[in-house]
Amino acid sequence: MAPISIRAVLISESVDPRCRAILEENGIRVTEKTSMKKDELIAEIKDYDGLVVRSATKVTADVINAANNLKIIGRAGTGVDNVDVDAATKKGIIVMKNVPQAAMSMKQGNWDRKKFMGAELFGKVLGIVGLGRIGKEVASRMQSFGMKTIGYDPITPPEVSASWGVEQMSLEQLWPQCDYITVHTPLMPSTVGLLNDETFAKCKKGVKVVNCARGGIIDEAALLRALESGQCGGAGLDVFVEEPPKDRSLVDHPNVISCPHLGASTKEAQARCGEDIALQIVDMVKGKKLVGAVNAQVLASTFSQESHQLIKLGEAVGAVLRSCSASKKPFSRVQIATKGDCMESCTGYMTSAVLVGLLSQDSGCCLNFINVLNLAKDTGIMVNQAHYVSDGAAEGVCKVELVADGCSFKASGSVHGGIPVLLELSDSVYRQPVALTGNLLFFKASASPQLLSSVAGLLAAEGVQIQSFSAPADGTGDLWFCVGVSSLLRDLSALKPLVKDAAQLSI
């Protein structure tokens with residue numbers, strides 16, 4: 001991914017001074033204004049590229065819509081309950097959270113060896129729901145106790161979690177296997193009440209649960225019923241739906257150990273969350289890596305030189321199809337397929353790149369990898385993506401099919417010598433790959449000896465010089481030709497007497 005320009009950051013809450021220092025050391029102007037009311041934040045935010053908050057600042061849709069330059073919201077701490085992630089995503093703003101790694105030690109105040117009989121963790125099965133940074137760290141620590149770790153996460157690829165010893169499976173498969181369950185997900189509609197009466201009934205009798213993430217992921221009333229019936233053998237709770245909880249049924253239960261939301265309450269963690277979010281922002285700005293993004297996971301794999309070239313290819317192929325289908329709206333379906341071993345991990349961001357190229361001039365908003373999939377869905381475009389194994393070709397290939405107004409348009413491309421090239425356009429396979437750079441004129445016509453000279457004469461009359469010419473290998477039927485030109489035609493209709501269709505673009 002190309003570096004994102006962050007010139008000015010607003011810090012709206014008290015964070016460790018290292019946060020400001022790190023940002024300023026890297027050339028980012030920082031303003032600290034705390035305790036702002038909503039109207040004050042709305043008036044202030046328009047001047048900034050980045051916003052750093054803790055938990056008190058409510059970054060609502062109104063605030064986000066007022067932020068014309070905002071590119072990133074950094075949450076110094078865990079959870080993003082105070083940020084409207086959907087509104088940020090629609091506007092193409094990255095939401096990043098810091099995930100502290102400090103471990104809290106929970107203490108019992110009484111010395112009563114007979115009353116507090118423990119159970120071995122060795123050989124037990126731990127189900128980890130949420131396999132982000134915290135879930136990974138939990139797995140590592142619990143594996144050292146000899147636990148078998150299984151898990152579920154809709155985003156982290158199974159092969160990634162498998163590399164750190166966690167076997168992924170569906171929730172339906174996970175519940176019955178667990179001796180212990182720990183949750184490490186954000187609180188969102190899909191995770192509210194994730195553990196409820198129905199899911200507790202699917203678990204082993206006596207299962208123990210831990211929630212150090214967000215109150216509400218475990219249905220508190222269902223948990224209490226499971227504790228009373230013995231279906232749940234114990235719970236460790238650091239978070240509650242209401243904090244502090246007025247209903248103390250869970251807090252006072254003999255099989256519950258609870259803390260007042262202390263998951264990051266160490267001096268080191270409090271200082272580090274401000275420092276870490278600043279370092280994460282700087283790494284992103286410098287194009288090094290992206291860590292902690294809540295709504296931009298697709299960007300995590302886009303920080304290598306190879307990915308930059310592939311992204312340019314995807315955007316260029318999308319732009320070519322957009323130009324060639326300009327008279328055929330609306331778009332109804334896009335199929336993006338990658339082929340070749342080198343493209344195996346690229347399908348996600350290649351899909352976004354193609355869509356950015358395809359939709360950028362029609363969206364009416366600032367389109368990027370963060371919001372393009374949502375925009376495609378909102379406009380009724382069905383997007384399919386797939387990857388196919390290599391057939392021996394040295395370079396990876398990206399193939400795209402666009403269906404618009406009942407007509408199908410196809411294109412395939414690759415990267416040759418660091419340059420994105422077009423291999424095929426709607427069944428016209430080029431003798432030599434077309435470099436997707438500069439001013440390009442595509443026209444559809446039947447091959448004839450007079451075609452090129454006629455087109456060249458018309459272009460010369462319009463003051464346009466031909467710089468390159470690409471013809472399909474098969475010379476039968478209506479074909480798409482490509483001409484590299486010194487400048488775009490003022491009016492494409494000038495070509496109508498000579499060709500059946502025409503399109504032009506600058507890349």
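In what sense, and over how many bridges, do β19 and β21 pair? They pair in the antiparallel sense, over eight bridges, and I would like to start from that pairing, keeping in mind throughout that what we are looking at is a predicted model.

The two strands belong to an open sheet of four strands, whose order is β20-β21-β19-β22 and whose pairing is antiparallel. At the edges of this sheet stand β20 and β22, the latter covering residues 501-506, and each of these two pairs on one side only. From one strand to the next the twist averages 20°. To fix the register of the β19 and β21 pairing with one example, Phe442 stands opposite Cys482 in β21.

Two helices should be mentioned together with this sheet. Helix α11, residues 305-324, packs on the sheet and touches β19, β21 and β22, with a direction that makes about 140° with that of β22. Helix α14, residues 451-461, lies across β19, β20 and β21, and runs at about 135° to β19.

Let me turn now to the aromatic rings, where a search of the whole structure finds two aromatic pairs. In the pair made by Phe443 and Phe481, the ring centres are 5.5 Å apart and the planes are at 15°, which is under the 30 degrees required, so this pair counts as stacked. Because Phe443 lies in strand β19 (residues 439-446) and Phe481 in strand β21 (residues 478-485), the pair ties together parts of the chain that are 38 residues apart in sequence. Both of these residues, Phe443 and Phe481, are buried, and for Phe481 the relative accessibility is 4%.

Phe481 also takes part in a stacked pair with Phe469, at 6.0 Å centre to centre and with 15° between the planes. Since Phe469 lies in strand β20 (residues 466-470) and Phe481 in β21, this pair ties together parts that are 12 residues apart in sequence. Phe469 is partly exposed, its relative accessible area being 34%. Taken together, Phe443, Phe469 and Phe481 form one aromatic cluster.

There is another sheet to describe, an open one in which seven strands follow the order β8-β7-β6-β9-β10-β11-β12 with parallel pairing. Its edges are β8 (167-168) and β12 (256-258), and because each has a single partner strand, one side of each is left without a neighbour in the sheet. Strand β7, residues 148-152, pairs with β8 in the parallel sense over two bridges, and within these strands Ile150 stands opposite Glu167 in β8.

Here, too, I can name two helices. Helix α5, residues 133-143, lies across β6 (125-129), β7 and β9 (180-183), running at about 170° to β6, while helix α9, residues 220-229, packs on the sheet by touching β10 (207-211), β11 (232-237) and β12, its direction making about 140° with that of β11.

Finally, a word on the cysteines: how many disulfides does the count come to? The count comes to zero. For Cys212, the closest cysteine sulfur is that of Cys259, and at 7.8 Å, against a cut-off of 2.5 Å, this is too far for a bond. Seen from the other side, the cysteine sulfur closest to that of Cys259 is in Cys212. As for their surroundings, Cys212 is partly exposed, with a relative accessible area of 40%, whereas Cys259 is buried, with 17%.

Technical notes
Residues are numbered from 1 along each chain as its sequence is written. This is a predicted model: local features need pLDDT of at least 70, side-chain atom pairs count only at pLDDT 80 or more; totals for chains, interfaces and linings use all residues. Side-chain values use heavy atoms; hydrogens and water are left out. Rings of Phe, Tyr and Trp (its six-membered ring) pair if their centres lie within 6.5 Å; planes under 30 degrees apart count as stacked, over 60 as edge-to-face and the rest as tilted. Buried means under 20% relative accessible area, exposed over 50%, partly exposed in between (1.4 Å probe, protein chains only). Two strands pair if DSSP finds at least two bridges between them. Contact means heavy atoms within 4.5 Å. Axes are lines fitted to C-alpha atoms, for helices over the stretch in contact, and angles run from 0 to 180 degrees between N-to-C directions.
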